[in-house]
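I opened the model this morning and kept notes as I went. Here is what I looked up, in the order I got to it.

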Amino acid sequence: MIGRYWIETWGCQMNVHDSEKMAGVLEGLGYRLAPERSAADLVLLNTCAIREKAEDRVYTALEQLRPLKLSRPEMIIGVCGCVAQMTGEAVFARAPFVDLVIGPRAVSRLPDLLGRLKDERGLIDTTLYQDSVLQPDQPVRRGRTKAYVTIMEGCNKTCTYCVVPGTRGREVSRPLDAVLSEVQQLAHDGFREVEFLGQNVNAYRCPASRAGLGDLLRGSSRVAGVKRLRFTTSHPLHLREPIIRAMAEVPQVCDYLHLPVQSGSSRILARMRRGYDREKYLDRIDEVRSAVAGISLSTDVIVGFPGETERDFEQTLSLVESVRFDQMFSFVYSARPGTPAAELADDVVYGVKVRRLMRLQALQHEIQLERHRELIGREFEVLVEGPSRRDPQEWAGRTTCNRVVNFSAPESGPGQFVRVVITAAGPNSLRARRLECGTVPGLVEIA
Ligand code: 5AD
Ligand code: SF4
């Protein structure tokens, strides 16, 4: 009897979308979503290995599953994603009750593996299949507003701190035609926003026509019904002129860019092998800002990389101060097995790392609040995503510049566009009032 499945997901958008693909494969086999983990016949943990803490969470979840598995030995437990890829066979040593270990590029092999589980246990497939991104998939998307679409997989960069090149393999891009047909299907199904995904999404290159991300954005903008296009994650070296031009010229491409800097110190950037220095990053930001006026920018920063001195860290602070990002994701450096940086002495003591992170986050908090306050009184079009987290009676949506906006509009709902005026600002979200028509009648500035 085919049963019920449950998937838990950690990590990036790629992982979230891989889980949607896994759900598609399972539903294709006749499985149905279980109401909760304990009711499932098949539990897949789609894991992230980017930092040690992310990896630890997987083993915590496995410990919670152990008693369930003891009481129902027929239950299948699978570890998927980047921890599966990085740890391989050793997952079984740490959690012997795991039935299946499957890498992120072997998801399409799930039906075969599940078939074999009838007679065998302890199966593993961590092959970095070259055709993974080329396989047709029918993801089960939970939302109905915004859809992720994988356009390339893998990463050919060699950033010294990062597990991704090891866990996701070499870059492979999907043919432009296949991506465009998926976008058309999504538009037909009512999705209003499409986000193209890839570990190094700027390096996208159609294997047949050699079209790049700029061409893909232009092609997708011609699909009726798709109102917003985004892409992630970008790399400062690969964000070349045709992409920037498409961002400037294609109205559907959102005025938002996530461009990880990692450090403001050229010395540390060289040790990270990022391929650019502080000046080059700042030039790229100037280029983007002059092409797309008012673009909203976010970044990733790692503090406490091996050898980071107080002076290096202050350079990060000064870069953050001068760019004034709209959002920042910041992390304490975590040495990852198998990466070149793990060979370096992890010489910044943990307490110093944490203090640096707190200083950086306090600075960003201030900047974000100031930038949000500058938006009070301005009008935006918001795409409604779902109920607000703070008050389920209200809606939450996003502007094209990726700001979260909460507002009351009882008659609207997910997938709708609503014009609002910003009335108040917090560091992480904005409050707004719905506008009945497109103008702001008698607007009062709120301090
Ligand atoms: N330690 C801490 N943060 C890391 N990141 C990647 N690898 C590590 C690591 N070893 C961060 C980077 C990346 C984001 C997804 O996670 O900032 O852009
Ligand atoms: Fe985590 Fe990176 Fe894997 Fe995404 S690609 S799940 S961020 S390790």
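I started with what packs over helix α2. In this predicted model, the cover on the buried residues of α2 includes β3 (42-47), β4 (76-80), α3 (81-87) and α4 (90-94). I then listed which residues of α2 are buried: Ala54, Glu55, Val58, Tyr59, Ala61, Leu62, Leu65, Leu68 and Lys69. I noted that Glu55 and Lys69 are on that list too.

Next I checked the length of α2. The helix runs over residues 52-71, so its 20 residues, at 1.5 Å a residue, should span 28 Å. I got 30 Å between its end C-alpha atoms, which agrees.

Then I asked myself where α2 bends. The bend is at Leu65, by about 30°, and Pro67 follows within four residues. Leu65 is also one of the buried residues of the helix.

**Ligand 1**

I pulled up the surroundings of ligand 1 and found Ile50, Arg51, Tyr161, Gln262, Asp300, Ile302, Phe331, Val332, Tyr333, Ser334 and Arg336. Which atoms of Gln262, I wondered, come up against an oxygen of this ligand? It's an N or O atom of the Gln262 side chain, at 2.6 Å. Asp300 also puts a polar side-chain atom 2.6 Å from an oxygen atom of ligand 1. For Ser334 I had to look at the backbone: a polar atom there sits 2.7 Å from a nitrogen atom of the ligand.

**Ligand 2**

Around ligand 2 I wrote down Cys12, Asn15, Thr47, Cys48, Ala49, Ile50, Cys82, Val164, Arg168 and Gln199. Sorted by class, that shell comes to six nonpolar residues, three polar and one charged. Ile50 caught my eye, as I had it down for ligand 1 and it turned up again for ligand 2.

**Backbone oddities**

I finished with the backbone. Most peptide bonds are trans, and most residues other than glycine have a negative phi, so I went looking for exceptions.

The peptide bond between Thr232 and Thr233 is cis, with omega about 5°. Thr233 belongs to the loop between β11 (228-232) and α9 (241-249).

Arg210 isn't a glycine, yet its phi is positive, near 65°. I found Arg210 in the loop that links β10 (193-197) and α8 (213-221).

Arg273 has a positive phi as well, about 55°, and it lies in the loop between α10 (266-271) and α11 (278-291). Is Arg273 buried, partly exposed or exposed? Its relative accessible area is 44%, so I put it down as partly exposed, which covers values between 20% and 50%.

How values were computed. Residues numbered from 1 in each chain as written. Chains lettered and ligands numbered in written order. Predicted model: local features only at pLDDT ≥ 70, side-chain atom pairs only at ≥ 80, totals over all residues. Heavy atoms only, no water. Near = heavy atom within 4 Å. Nonpolar A, V, L, I, M, F, W, Y, C, P; charged D, E, K, R; others polar. Helix = DSSP H or I, 4+ residues; strand = E, 2+ residues; numbered from the N terminus. Buried < 20%, exposed > 50% of the residue type's maximum accessible area, 1.4 Å probe, protein only. Expected span 1.5 Å × (residues − 1). Bend = angle between axes of the 7 residues up to and from the residue. Contact = heavy atoms within 4.5 Å. Polar contact = N/O pair within 3.5 Å; in protein donor to acceptor, adjacent residues only side chain to side chain.
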